[in-house]
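Biologist: Before we go through this model together, please look at the sequence and the fold, and then answer my questions one at a time.

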Amino acid sequence: MNTPPDHARPGRSPHRDVNEAATFVCARCQRPLRLPVRNRPVPPDSRGRVLVAVRRWPEGWICGGCYSKARETYGVCPGCGVDRLLPGLTQDGAACCTDCAGGIGDFTCTRCGNEGSNEYRGVCGRCVLGDRLAAHLDDGTGQIRPELVAFYDRIVAMHRPRVGILWLSKPHVPPILRALARGDVPLTHDGLSHLSPLKSVVHVRDLLIESGVLPPVDRHLVLFEQWLPKWLDQITDPAQRKILQTYATWSVLHRLRSAADNGPVGHYRDQNARHRLRVAAAFLEHLASCGVDLPGCGQADLDRWFANAADARKRASRPFLVWAIRTKRMQQLRLPPTREPVPKPISLRHRVELLRRIHAGDGMDLTERVIAMLILLYAQPLNRITRLTLDDISVDEDGQMLIRLGDPPAPVPAIFAAIITDYLAARPNLTTATNKNSTWLFPGRRAGQPLHPTSIRLRLSNLDIPNMPGRSRALREMLLQAPPAVVAGMLGYHTGKSEAIAAQAGTAYKRYAVGDHSRTRNPRLSR
C-alpha cells in the first residue's frame with residue numbers, strides 16, 4: 001500500500017523525518033519515495049537510493065521518472081476512444097487520458113494547442129525545442145539556413161522533445177550548429193572535420209545524413225581517415241613516420257576503402273586497422289631500441305620481437321611485416337608462425353540451461369534475449385547481428401518464421417519466434433530524432449546506426465552469457481546434424497571454415513554419399 005508519511009498528510013508539517021513510513025513508494029514503479037526537502041540537507045534513509053515524489057495523482061504519489069513517462073505516453077484512450085495524451089491510469093492499470101483519469105491536469109500547450117509535456121507554464125516541450133533549435137540554426141537573417149530546414153524538422157519531430165532540449169543544453173553542441181548555420185565551415189563532410197569535439201561532431205554528422213542534408217558515407221571509414229593524420233603527427237622519428245604513412249595509405253586504408261565498396265566497414269574492422277598501425281609503430285620502436293632500422297632488420301631481431309611480444313601483437317604485426325618484405329623495405333626473412341586463439345566451447349548442458357533462461361526471460365530484456373538466442377542457436381557473431389534489418393525477418397505461407405542469415409533463411413523455433421515477435425513490437429531507441437524510422441533490427445542511439453557491438457558484449461557479460469564459447473558450441477551442434485556446406489550456407493559462414501571446425505569435432509562429411517537418400521532400392525535375389 002502506498003501510504004505517505006505523516007508529514008505528507010493534511011495538517012502535518014512537511015519538515016519532519018522522511019523515514020517515518022517505510023512503505024512510502026511510488027504508486028507506479030513501486031520504488032522508495034521521499035518528499036522534497038528544501039534548504040537543508042537530505043536526512044539519511046535506511047532504504048538506500050530514494051526518489052523524490054513530485055505529484056500526487058489518484059493512484060497515489062509518483063516519482064519524477066513516472067511523471068515524465070506519463071507526459072510522453074500517447075495512444076487511444078480506452079475510456080473515451082480518443083487518440084491523445086494518456087498520462088493517467090484506469091482501475092486495471094491501462095493508460096488513459098486526463099479526463100478519464102479524473103482530471104489530473106491540463107497538458108494542452110497554449111501556443112500549438114497540442115497535448116504534451118509542458119516545459120514552461122502552458123508551453124510544451126516541442127515548442128521550446130523548436131525555439132531553441134531555430135536560434136542555433138539562424139544564418140544571421142533571423143531565419144533558419146535553408147539547407148538545414150530538413151535537419152530542424154527531424155529534430156523537432158522527435159517523440160520525446162525533452163531529450164532534444166537536454167542535448168541542446170550541452171555546452172559543445174550549440175557552437176557546432178551555429179558554425180554550420182552561419183557558414184563558418186562548409187556544410188560538407190570535410191567542413192565537419194574541422195569542428196570539435198569529435199563525438200559531438202560525429203553525432204551531428206549522423207543526424208545530417210539521416211535528414212538528407214549530407215550524402216551518405218561510411219561512418220567508420222570517415223572516422224579512420226580523420227584519425228590517421230593526427231596519429232601520424234605523434235610519430236617523432238621522420239623515417240618511421242614516412243614508413244608508417246606509406247603503409248597506412250597503400251595497405252591499411254586501401255583495404256578499408258575496398259571493404260567499404262562491398263558493405264559497411266564496421267567498428268571492429270576500424271579498430272583492428274588502428275591496432276595494426278600502433279603495433280607496427282611499436283615494432284619500429286623496438287628496432288630503434290636495438291640500434292637498427294627496418295632495412296637493417298635481421299632474422300635475430302625479428303625472432304627477438306616474436307619471442308617477447310604477446311600473441312595478439314604477433315598476429316597484428318604480421319600484415320605489416322609481410323607488406324614490408326613484399327615491397328623490399330625489409331630483408332627476405334622467415335616469419336615465425338602464430339597461433340590463432342581457439343575458444344573453448346561451453347558444454348551442451350550449459351547451452352541448454354542458457355536457452356532455458358532466454359525462454360523464461362529471467363533478468364533479461366527483449367533485446368538481450370533475442371541477441372543471446374542468435375548466438376546460442378545460430379552461432380552468429382556480434383558484428384553480423386548488429387547489421388540485421390527488419391527485412392531479414394519474414395514469415396512464410398505456413399506461418400513459419402524465418403531469419404535470413406545466409407541462403408536459405410533459417411527457420412526459427414516457435415517458442416523463440418514468440419520472443420522475436422514481442423521484440424519487434426517494442427524495439428528500443430525509436431523515440432528520439434536519431435532512429436525514428438530505423439529499419440535496423442537493433443537500432444542504436446546514433447542516427448542511422450545499429451547497436452554498438454561493444455555495448456552488446458558488455459550486456460551479455462553482465463548476464464553471464466559467454467559469446468565466443470557459446471557460438472563455438474552452437475556451431476558444432478549444428479555441424480553434427482548437417483553437412484558443413486549446408487550449415488555454412490544457412491548461417492552465412494565460409495564453407496572451408498565450417499569444414500575445418502567439423503573435422504575438429506570429428507564429424508566431417510567427406511564420405512557422405514550425394515543423392516536422394518529418401519528412396520531405397522529393393523535388393524535383387526540371385527537364383
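**Residues, a pocket and some unusual backbone**

Biologist: Is Gln 380 buried or exposed, and at what relative accessibility?
Modeller: Buried stands for a relative accessible area under 20%, exposed for over 50% and partly exposed for what lies in between, with a 1.4 Å probe and protein chains only. Gln 380 counts as buried, because its relative accessibility is 1%.

Biologist: What kind of model is this, and what pLDDT do side-chain atom pairs need in order to count?
Modeller: Residues are numbered from 1 along each chain as its sequence is written, and side-chain values use heavy atoms, with hydrogens and water left out. This is a predicted model, in which totals for chains, interfaces and linings use all residues, while local features need pLDDT of at least 70 and side-chain atom pairs count only at pLDDT 80 or more.

Biologist: Which residue offers its backbone oxygen to the side chain of Gln 380?
Modeller: Gln 380 sits in the loop between helix 14 and helix 15, where helices (H or I, at least four residues) and strands (E, at least two) are DSSP runs numbered from the N terminus. Leaving aside residues up to four places away in sequence, Gln 380 has contacts (heavy atoms within 4.5 Å) that include Leu 374, Ile 385, Arg 471 and Tyr 493. At 3.1 Å from a polar atom of the Gln 380 side chain lies the backbone oxygen of Leu 491.

Biologist: Leu 491 belongs to helix 19 (residues 484-491), so which residue follows that helix with a positive phi?
Modeller: Pro 484, Val 487, Ala 488, Met 490 and Leu 491 are buried in helix 19. The buried residues of helix 19 pack against helix 14 (366-378), helix 15 (382-385), strand 12 (410-411), helix 18 (468-479) and helix 20 (495-504). After helix 19, phi is positive, near 80°, at Gly 492.

Biologist: Between which two domains does the second largest pocket lie?
Modeller: The bounds, which come from an automatic or database domain assignment, give domain 1 (21-72), domain 2 (125-213), domain 3 (220-327) and domain 4 (348-505). Because two of these domains both give residues to its lining, the second largest pocket lies between domain 2 and domain 4.

Biologist: How much space lies in the second largest pocket?
Modeller: On a 1 Å grid over the protein atoms alone, a pocket is an open set of points where a 1.4 Å probe fits, with protein on both sides within 12 Å along at least five of seven lines, and lining residues have an atom within 4 Å of a point. Points are joined across faces, edges and corners, and the volume is the space filled by probe spheres set on them. For the second largest pocket this space is about 480 Å³.

Biologist: Which helices each supply at least two residues of that pocket's lining?
Modeller: Of the 18 lining residues, those closest to the pocket centre are Trp 167, Lys 170, His 203, Thr 434 and Arg 445. The helices that each supply at least two lining residues of the second largest pocket are helix 4 (161-168) and helix 7 (198-210).

Biologist: What distance separates the side chain of Ser 211 from the backbone oxygen of Leu 207?
Modeller: Ser 211 is in the loop between helix 7 and helix 8 (219-233), and it counts as buried because its relative accessibility is 16%. Not counting residues up to four places away in sequence, Ser 211 touches Ala 150, Phe 151 and Arg 154. From a polar atom of the Ser 211 side chain to the backbone oxygen of Leu 207, the distance is 2.7 Å.

Biologist: Which proline follows Asp 407 through a cis peptide bond?
Modeller: Most residues other than glycine have a negative phi, and most peptide bonds are trans. A cis bond joins Ser 196 and Pro 197, with omega about 0°, and Pro 197 lies in the loop between helix 6 (189-192) and helix 7. With omega near 5°, and in the loop between strand 11 (401-403) and strand 12, the residue joined to Asp 407 by a cis bond is Pro 408.

Biologist: What is the relative accessible area of Lys 328?
Modeller: Gln 30, in the segment before strand 1 (33-34), has a positive phi of about 65° although it is not a glycine. Lys 328, in the loop between helix 12 (311-326) and helix 13 (348-360), likewise has a positive phi of about 65° without being a glycine. Lys 328 is exposed, because its relative accessible area is 69%.

Methods
A polar contact is a pair of N or O atoms within 3.5 Å; within protein, one must be able to donate a hydrogen and the other to accept it, and residues adjacent in sequence count only if both atoms are side-chain atoms.
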